[in-house]
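Biologist: Could you take me through the charged pairs in this molecule, step by step, so that a first-year student can follow the reasoning?

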Amino acid sequence: MMIDWNKYHQQFGARVGELMKVSPDTVKGYQTLSAANSATTKLGEKTRQLISLAVAVTTKCDGCIVHHTEGALKAGASREKLPKRSELPSR
């Protein structure tokens, strides 16, 4: 079954919003960890997002794949750098 990634992205965003209402500290903790890593100049944002995307693909986390794909594109990654659907692990 092929996932409609655009629809999934919208659903994922809504779920994060729900989590924020139920457990705001959980979401704030994630944001704090992410921001702490981005404060250094050791890795650029594009590299950080591509590494995060690789981890998301290996752990088969659809929400993380969507999130970090968007982040990598916003940080300047080309579509050629992103995994093809055929390269993603099957369920």
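Modeller: Let us begin with a term: a helix here is a DSSP run of H or I of at least four residues, and helices are numbered from the N terminus. Please keep in mind that this is a predicted model.

Biologist: How many salt bridges does the structure hold?

Modeller: Side chains of opposite charge can pair when their charged atoms come close. For a salt bridge, a side-chain nitrogen of Lys or Arg has to be within 4 Å of a carboxyl oxygen of Asp or Glu. Counted in this way, the salt bridges in the structure number three.

Biologist: Which residue forms a salt bridge with Glu18, and where do the two partners lie?

Modeller: Both partners belong to helix H1, which covers residues 5-22, and they are three residues apart, about one turn of the helix. Glu18 is partly exposed at 42% relative accessible area, whereas its partner is exposed at 57%. The closest N and O atoms are 3.6 Å apart, and the partner of Glu18 is Arg15.

Biologist: Is Arg48, the partner of Glu45, buried or exposed?

Modeller: Glu45 and Arg48 are three residues apart in helix H3 (residues 45-59), about one helical turn, and their closest N and O atoms are 2.3 Å apart. Glu45 is partly exposed, with 35% relative accessibility. A residue counts as buried under 20%, and because Arg48 has a relative accessible area of 9%, Arg48 is buried.

Biologist: Which helices do the buried residues of H3 pack against?

Modeller: The buried residues of H3 include Arg48, which we have just met, together with Gln49, Leu53, Ala56 and Val57. These buried residues pack against two helices, namely H2 (24-38) and H4.

Biologist: How far apart are the end C-alpha atoms of H3?

Modeller: H3 has 15 residues, and at 1.5 Å a residue the helix should span 21 Å. The model agrees with this expectation, because the distance between the end C-alpha atoms is 21 Å.

Biologist: Which residue meets Glu70 in a salt bridge?

Modeller: An α-helix has 3.6 residues a turn, so residues three or four places apart point the same way. Glu70 and its partner are four residues apart in helix H4 (residues 62-74), about one turn of the helix. Glu70 is partly exposed at 30%, while the partner is exposed at 67%. The N to O distance is 3.6 Å, and the residue that meets Glu70 is Lys74.

Note on methods:
Residues numbered from 1 in each chain as written. Predicted model: local features only at pLDDT ≥ 70, side-chain atom pairs only at ≥ 80, totals over all residues. Heavy atoms only, no water. Buried < 20%, exposed > 50% of the residue type's maximum accessible area, 1.4 Å probe, protein only. Expected span 1.5 Å × (residues − 1). Contact = heavy atoms within 4.5 Å.
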